[in-house]
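Colleague: I would like to go through this model with you, one question at a time. Please show it first.

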Amino acid sequence: MTVLKKLGILSVAKFYTIFMAIFGLIIGIFNAISLTIFRKIAPTLENVEGVAELSQVGLGAGFSAIIVLPILFAIVGFICGVIGAALYNLIAKWIGGIEMDFKK
């Protein structure tokens with residue numbers, strides 16, 4: 001058994017940054033599609049309060065989410081990666097690291 005005693009903080013932060021940026025892109029695409037569909041059906045919901053205002057926002061907000069959300073998710077991913085790796089290193093000092101078995 002090999003014990004993982006310490007994580008490279010910047011290495012983990014970079015991984016989380018890319019992982020969360022990809023996740024943010026997926027959420028942004030889903031948001032763009034959802035708001036585009038909503039904009040198409042909004043005219044049929046004219047009697048519902050607030051729908052007219054929301055339909056005006058739909059298209060621009062949806063496609064800007066494809067750019068904004070990956071950036072925001074990447075920033076949060078970097079911060080969480082730094083905090084997570086630092087916490088792992090601190091806890092691993094107290095109780096030992098994670099035991100892993102590698103095959104050669």
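The questions below go from the overall fold to single residues.

Colleague: Before we look at details, what mean pLDDT does the protein have?

Modeller: This is a predicted model, so confidence is the place to start, because pLDDT is the predictor's confidence in each residue, from 0 to 100. Where pLDDT is low, the predicted coordinates should not be read in detail. Of the residues, 77% score at least 70. The average for the protein is a pLDDT of 84.

Colleague: Which element has the highest confidence in the protein?

Modeller: Confidence is lowest in helix α2, residues 51-95, where the mean is 85. At the other end, with 91, is the element made of residues 98-100. That element is strand β2.

Colleague: In what pattern do the helices and strands follow each other along the sequence?

Modeller: The protein has two helices and two strands. Reading along the sequence gives their order. The pattern is β-α-α-β.

Colleague: What share of the contacts with a separation of 6 or more joins residues 24 or more positions apart?

Modeller: One example of a long separation is alanine 32 and alanine 65, which are 33 residues apart along the chain. Their C-alpha atoms are separated by 6.8 Å. For the protein, the share of such contacts between residues 24 or more positions apart is 83%.

Colleague: Is alanine 32 buried or exposed?

Modeller: Alanine 32 is found in helix α1. Beyond its neighbours within four places in sequence, alanine 32 is in contact with Gly62, Phe63 and Ile66. Its relative accessibility is 3%, and the cut-off for buried is under 20%. Alanine 32 therefore counts as buried.

Colleague: Which residue's backbone nitrogen does the side chain of asparagine 89 reach?

Modeller: Asparagine 89 lies in helix α2 and is buried, with a relative accessible area of 10%. Its contacts, leaving aside neighbours within four places in sequence, are Lys5, Lys6, Leu7 and Ile9. One of these has its backbone nitrogen at 2.6 Å from the asparagine 89 side chain. That residue is leucine 7.

Colleague: How is the aromatic pair of phenylalanine 15 and tyrosine 16 classed?

Modeller: A pair of aromatic rings is described by the distance of the centres and the angle of the planes. For phenylalanine 15 and tyrosine 16, the distance is 6.0 Å centre to centre and the angle is 90°. Planes over 60 degrees apart fall into one class, so this pair is edge-to-face.

Colleague: Why is the pair of phenylalanine 15 and phenylalanine 19 given its class?

Modeller: Both residues lie in helix α1, residues 9-41, and they are four residues apart, about one turn of the helix. Their ring centres are 6.1 Å apart. The planes are at 10°, and the cut-off is under 30 degrees, so the pair is stacked.

Colleague: Which residue of the cluster formed by Phe15, Tyr16 and Phe19 is exposed?

Modeller: Ring pairs link these residues into the cluster. Tyrosine 16, at 36% relative accessibility, counts as partly exposed, and phenylalanine 19 is also partly exposed, at 48%. Exposed means over 50%, and the residue with a relative accessible area of 52% is phenylalanine 15.

Methods:
Residues are numbered from 1 along each chain as its sequence is written. This is a predicted model: local features need pLDDT of at least 70, side-chain atom pairs count only at pLDDT 80 or more; totals for chains, interfaces and linings use all residues. Side-chain values use heavy atoms; hydrogens and water are left out. Contact means heavy atoms within 4.5 Å. Rings of Phe, Tyr and Trp (its six-membered ring) pair if their centres lie within 6.5 Å; planes under 30 degrees apart count as stacked, over 60 as edge-to-face and the rest as tilted. Buried means under 20% relative accessible area, exposed over 50%, partly exposed in between (1.4 Å probe, protein chains only). A polar contact is a pair of N or O atoms within 3.5 Å; within protein, one must be able to donate a hydrogen and the other to accept it, and residues adjacent in sequence count only if both atoms are side-chain atoms.
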